[in-house]
Amino acid sequence: MLASDTMINRLSKSECCGCEACVQICPKHCISLTLDGEGFYYPLIDTIDCIECELCEKVCPSLHTLVLQTELTSYAAINQSDKIRFNSSSGGVFYELARYIIEQKNGVVYGAGWVAYNKVQHMRITKVEDILKLQKSKYVQSLIGDSFRQVKSDLKSQRFVLFSGTPCQIKALRLFLQGNDYDHLFMVDIACHGIPSLLIWNIYLDSLHVDKNKLSIDFRDKNAPWHNYTLNIADKATGKKVVFERCDQNPFMRGFICNLYNRLSCHNCPAKNFTSGSDVMLADYWGIEKYDSTFDDNKGTSLIITKNTKGEFFFHQVKQLFSYRQTDFSTVTNRKDTFCTCTNPHYRRELFFRKVNEQNFESLVNKYLKHSHPMNVRIARFIKRIIGRK
């Protein structure tokens, strides 16, 4: 088989999730990442150096199916420390899990952190004070770098490891470790709507007409109520707000939520429906006010899903730090688009990318999100409403 015929080279853009497992496993270092015209990273194989070992295919999450996890238990949780919860996207669970690994197990933690206004990458930390770098949401795809290899090295050295990431990244690491279920490895995936385009993020920042290198970015600012889901972009030095908008009012966030420019593989996710292989999944407990209003003070509530006995053990080590309660799992499965099924790309996605450099960004987003469905769907719904009135 020629290197150009490998499955990795033949993956479509709706299949490759950009996890970088193939890049890290290659013994000849002949796979690199390249940024495409839409602002997403994809692997590129140097066919001259490739030895056709096929290791890249063995670690690809799009080419393998992991066992469906069925030992699922859900909890609502609120950190008893308001300070920790303020610096978290929701209820402050990740912080305590990470602190447990570092303080109680002398371990290491891996997660996504900002390194520039347009770059998020996985980093390795060993100090509690560095957990802050990994907290909160970053709606830019995290570059894995060599962290999978570092995790493997830490595990072989008998270090306790907590690795956090999106479900596809967790599945990729599980495959990278070639099925070895290390007792001292804890894997936490973060519920994921999708990955927006880095190109579009840069275009949006350009539209603000500020020095991008001087910006601090908080996609989930807790100075606003949790339910308001507010983007805060401010000057690092002065704290002056450049943008302070709810997600349903901000053009970048609106396009992201409506799937106008998300990665194509996010609409064909290989790790949906609890198949990532993680031990614990974390998410915002949206809707908790319907099920238990005592767990909703509008400061953030976490949804914890333990997925096996290791995940239950992990949560048990820190649960005394939370107000928590077990919840009916139907509150999870009712959110099918979040956990179980993939959303469809916006029907005008392709056209948006063709026009994005030609028109004002906010105006273009408003134009393309004016209607969420094609004309034939809108007509069919209109007719159905009219018939229903008769």
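**Exercise 1. Find the residue that stands opposite Ala283 in β13, and place the two strands in their sheet.**

Step 1. Ala283 has Leu303 in β13 standing opposite. Strands here are DSSP runs of E with at least two residues, helices are runs of H or I with at least four, and both are numbered from the N terminus.

Step 2. Zoom out to the pairing: β12 and strand β13 (residues 302–306) run antiparallel over 5 bridges. Two strands pair if DSSP finds at least two bridges between them.

Step 3. Now the whole sheet: 9 strands make an open, mixed sheet in the order β6-β5-β4-β7-β8-β12-β13-β3-β14. At the edges stand β6 (142–143) and β14 (322–327), each with a single partner strand, so one side of each has no neighbour in the sheet.

Step 4. Add the helix: α7 (residues 147–156) lies across β4 (108–116), β5 (119–125), β7 (161–165) and β8 (185–190), and runs at about 160 degrees to β7. The axes are lines fitted to C-alpha atoms, for helices over the stretch in contact, and angles go from 0 to 180 degrees between N-to-C directions.

A word on ground rules: this is a predicted model, where local features need pLDDT of at least 70 and side-chain atom pairs count only at pLDDT 80 or more, while totals for chains, interfaces and linings use all residues. Residues are numbered from 1 along each chain as its sequence is written, and side-chain values use heavy atoms, with hydrogens and water left out.

**Exercise 2. Work out the surroundings of Ser74 in strand β3: is Ser74 buried or exposed?**

Step 1. Ser74 belongs to strand β3 (residues 73–79). Its relative accessible area is 1%, so Ser74 is buried (buried is under 20%, exposed over 50%, partly exposed in between, with a 1.4 Å probe and protein chains only).

Step 2. Check the side chain: that of Ser74 makes a polar contact with the side chain of Thr327 at 2.9 Å. Such a contact is a pair of N or O atoms within 3.5 Å; within protein, one must be able to donate a hydrogen and the other to accept it, and residues adjacent in sequence count only if both atoms are side-chain atoms.

Step 3. Leaving aside neighbours within four places in sequence, the contacts of Ser74 include Leu303, Ile305, Thr327 and Val332 (contact means heavy atoms within 4.5 Å).

**Exercise 3. Count the aromatic pairs and describe two of them.**

Step 1. Rings of Phe, Tyr and Trp (its six-membered ring) pair if their centres lie within 6.5 Å; planes under 30 degrees apart are stacked, over 60 edge-to-face, and the rest tilted. That rule gives 26 aromatic pairs.

Step 2. Tyr261 and Phe361 are a tilted pair, 6.5 Å centre to centre with 40 degrees between the planes. They sit 100 residues apart, Tyr261 in the loop between α10 (251–257) and β12 (280–284), Phe361 in helix α16 (residues 361–368). Both Tyr261 and Phe361 are buried.

Step 3. Phe352 and Tyr368 go edge-to-face, at 5.9 Å and 80 degrees. Phe352 is in helix α15 (residues 349–355) and Tyr368 in helix α16, so this pair ties together parts 16 residues apart in sequence. Phe352 and Tyr368 are buried too.

Step 4. Ring pairs link these residues into a cluster, with Trp114, Trp201 and Phe256 among the other members.
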